[in-house]
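Please open the structure in your viewer and display the protein as a cartoon. The tour below proceeds by selection, one stop at a time.

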Amino acid sequence: MPRRWVKQVAYLAAWLAAAALLGMFFGAPAWWLTAVLLLYVAHTLRHIYLLDRMLAGGKRVGPFATRGLWAEILARVDKLRKKSRNRKKKFHRVLREIRESTGALRDGGVILNAANEIVWFNPAATRMLGLDPRTDLGRRIDNLIRHPQFVGYLAEPGGEGISIPSPKIESGWIAVQIIPYGRDQSIAIIRDVTRETRLERTRRDFVANASHELRSPLTVLSGYLDTLADDDDLPESWQVPITEMLRQANRMTQILRDLMELTRLESAEADAGHGFVDVCSMLKLMVRDFGTVTAVQPALNLRFETDAALLGNETELHSIFFNLLNNAVRFTPASGSVEVVWRPDAHGAALEVIDTGIGIPEEEIPRITERFYRVDPGRSRATGGTGLGLAIVKHALQRHDGVLQISSVEGKGSTFRCLFATDRLVFRGGRAEAAV
Ligand code: ADP
């Protein structure tokens, strides 16, 4: 027991003993004891009253007003009160600072609860989304922003977020990223990307227009060069330069074709559509055609572990598979092999192109889907590459909700894997077809 309590109990015992002595001396000890106890109760009540006044926000009790155990208790309560007052002040200050800083932020922030109802938002969110603090707190955000892409993203947030037209800023664009935190809470960060989107569109239009404008003169040049190359009367000294010019003109045509394809993929709707595509037939034909291009190329194998068909855009899917197969063949020596596998996967189905070619250094893998990025530009050009194949693959795959995975060991070979989700697949219930 703390010392102050021992003292208090000792005081009470001393008073009671004194009352008992007085009772024995003057008679009526019960009265004396009752009187002492009443005095003690009055003393205690007075201090409870002081404590109550203090807790009710009254003034602090001065040291002269009380002594002993009660003085200590009151002093401690007073200290706690002061501490809590300071903490409250600090809390208010921090809150004010947070409010001021989030108010000054140029990016919008909207806090959502587990039901996607708006709990809080800053002034920038008001500006970009047109939210009103008087009416919109507590409302579901997808009732206020109804863009289908946003609704889809809200249901499955993740990745780098989405860009959608701003519901408030005229012809403005916003980028939204939802970050989950705490228990079932999330914050939506909103950025005004109108300027970036306009620049991006200008860049895309420029590339599209330039490619388009260059195509016609190039077609004329290629046509004349074709005729000249076929001309038996062409002087011998002209044959090499004309053939080389024709080769380069064809290369330029291919680059323009890929650039236009890429621009088309970038500017088209985010979704590729849901046409029925018979993957097995497409791959069989493709592998057969590749097999007839030249005799000096790696062995090609095709294996089906599923007969699933895909829902998507036939031309784009053809372009994905063709580019991957084309790369595998170009970057694998004739003594090696290329295997194409269409198989079920935990989340749907996967198309794998596995080669035993030159491989890709690990640090280069994240960059090879960039436009015109090549590990070895000389080799890429020499084998007819444009540097745009994998950029096309990546974009076309994204439009099919697919993911591209690349694994490679330098000098040993590479595996390019396209993952397709179940809702893009049509299983025909047949057994896996035999290898072709
Ligand atoms: P390119 O026309 O140069 O093939 P891509 O975009 O298709 O352009 O590929 C980019 C680069 O990635 C290639 O230049 C090459 O360095 C590397 N690459 C792609 N596929 C393979 C592969 N199967 N094996 C080794 N390297 C590859």
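The stops that follow lead from the domains to the ligand and its surroundings.

Please note at the outset that this is a predicted model.

**Domains.** Colour the chain by its four divisions: domain 1 (3-99), domain 2 (106-192), domain 3 (200-267) and domain 4 (275-426). With domain 2 and domain 4 selected, one may compare their C-alpha centres, which lie 37 Å apart.

**The ligand site.** Next, select the ligand and display a surface over the protein. The ligand takes up the space of the second largest pocket.

**The shell.** Now select the residues within 4 Å of the ligand. There are 21 residues in this selection, and the closest are Asn327, Ser380, Thr386, Gly387 and Leu390. Colouring the shell by class gives 10 nonpolar, 8 polar and 3 charged residues.

**Contributing elements.** Which helices and which strand each supply at least two residues of the shell? Select helix H10 (314-330), helix H12 (389-398) and strand S12 (413-421) to see them. H10 provides the largest share, with 3 residues.

**Backbone contacts.** Finally, show the backbone atoms of Val375, Gly387 and Gly389 together with the oxygen atoms of the ligand. At Gly387, a backbone N or O atom lies 2.8 Å from a ligand oxygen. For Val375, the corresponding distance from a backbone N or O atom to a ligand oxygen is 3.0 Å. A polar backbone atom of Gly389 is 3.3 Å from an oxygen atom of the ligand. Taken alone, the ligand exposes 530 Å², of which the protein buries 98%.

Conventions
Residues are numbered from 1 along each chain as its sequence is written. This is a predicted model: local features need pLDDT of at least 70, side-chain atom pairs count only at pLDDT 80 or more; totals for chains, interfaces and linings use all residues. Side-chain values use heavy atoms; hydrogens and water are left out. A polar contact is a pair of N or O atoms within 3.5 Å; within protein, one must be able to donate a hydrogen and the other to accept it, and residues adjacent in sequence count only if both atoms are side-chain atoms. Accessible areas come from the Shrake-Rupley method with a 1.4 Å probe; for residues, only the protein chains shown count as cover. On a 1 Å grid over the protein atoms alone, a cavity is a set of points where a 1.4 Å probe fits but cannot get out, and a pocket is an open set with protein on both sides within 12 Å along at least five of seven lines; lining residues have an atom within 4 Å of a point. A molecule sits in a cavity or pocket if more than half of its atoms lie within 2 Å of its grid points. Helices (H or I, at least four residues) and strands (E, at least two) are DSSP runs, numbered from the N terminus. Ala, Val, Leu, Ile, Met, Phe, Trp, Tyr, Cys and Pro count as nonpolar, Asp, Glu, Lys and Arg as charged, and the others, Gly among them, as polar. Domain bounds come from an automatic or database domain assignment.
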